[in-house]
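Colleague: I have just opened this one and would love a guided look. Could you walk me through it?

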Amino acid sequence: MGLRYPLAATLGVLLLGGGVALGRGLLADPTAGVGPTGVGTVVVAGPQLAAPVTPSGTPASTPAAIIPGLAPYVGTWRVHGAELTIEPDGKAIERIDLGPCRGIDVPVRCTATATLKVDLSPGAPHLVYTGFRYTGDDGATVVPDSLDGLPRVGDGYRVRVFAPGVLELIPLTEHLRRILGSPYRCGAAADENAHRRLCNA
């Protein structure tokens, strides 16, 4: 009776040691002891490859393809007080700083954000205004005291490359022709002279 417990302890140590050795061997070589797939064999799964993700953890997206003929016009173009962005997919947004546009005693500064559609069917791109939103410095919607001197839905431009990094906007409507200031918009590739002389930006 007195020998049963020491024998049990010895057997336990041997079994434990064998399990550790087996585990170490499998960790060192995961394919060790793996034969053809069949009854009683072990199949080791390979590493799982994750889809590429952005730093934020969301799946990476491919850049939008540029609509044929639109490449020279894609980008952000500035003139003093306004910024026009044309996307590769043909969407365009213009932001116009209107200055004080609401109230007399306590004037509210406003920004007009316009959406435009790009039409390439005439050959040279046409940009046509499709909507406007007016906001104050706090981002809240504002109704300006007057919309005189501002573009309207349906107004638009024919766009052409005037010089490297410079677009020229040619009004399509009489209303826009009367209110347009500088017809030039400068991009990042415009030289300092163009920024100063044409775009005042």
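Modeller: Happy to; below are a few questions and answers about the cores, a threonine and the disulfides of this predicted model.

Colleague: How many residues does the largest nonpolar core have?

Modeller: Several strands feed this core: S2, S4, S5, S6 and S7 each supply at least two of its residues. Among the residues with the most contacts inside the core are Tyr-73, Leu-116 and Val-159. Counted in full, the largest nonpolar core has 15 residues.

Colleague: Is Thr-85 buried or exposed?

Modeller: Thr-85 is found in strand S2, and its side chain makes a polar contact of 3.2 Å with that of Thr-76. Leaving aside residues up to four places away in sequence, Thr-85 also touches Gly-75, Lys-91, Ala-92 and Ile-93. Buried means under 20% relative accessible area. Thr-85 has a value of 14%, so it counts as buried.

Colleague: Which cysteine is joined to Cys-186 by a disulfide?

Modeller: Cys-186 sits in strand S8, and its partner lies 13 residues apart from it, in helix H3. Both cysteines of the pair are buried, and their link is right-handed, with 80 degrees about the S-S bond. The sulfur atoms are 2.0 Å apart, and the partner is Cys-199.

Colleague: What pattern do the disulfides of the chain follow?

Modeller: The structure holds 2 disulfides. One joins Cys-101 to Cys-110, and the other joins Cys-186 to Cys-199. With bonded cysteines counted along the chain, the pattern is 1-2, 3-4.

Notes
Residues are numbered from 1 along each chain as its sequence is written. This is a predicted model: local features need pLDDT of at least 70, side-chain atom pairs count only at pLDDT 80 or more; totals for chains, interfaces and linings use all residues. Side-chain values use heavy atoms; hydrogens and water are left out. A nonpolar core is a set of buried Ala, Val, Leu, Ile, Met, Phe, Trp, Tyr and Cys residues joined through side-chain atoms within 4.5 Å. Buried means under 20% relative accessible area, exposed over 50%, partly exposed in between (1.4 Å probe, protein chains only). Helices (H or I, at least four residues) and strands (E, at least two) are DSSP runs, numbered from the N terminus. A polar contact is a pair of N or O atoms within 3.5 Å; within protein, one must be able to donate a hydrogen and the other to accept it, and residues adjacent in sequence count only if both atoms are side-chain atoms. Contact means heavy atoms within 4.5 Å. A disulfide is a pair of cysteine sulfur atoms within 2.5 Å.
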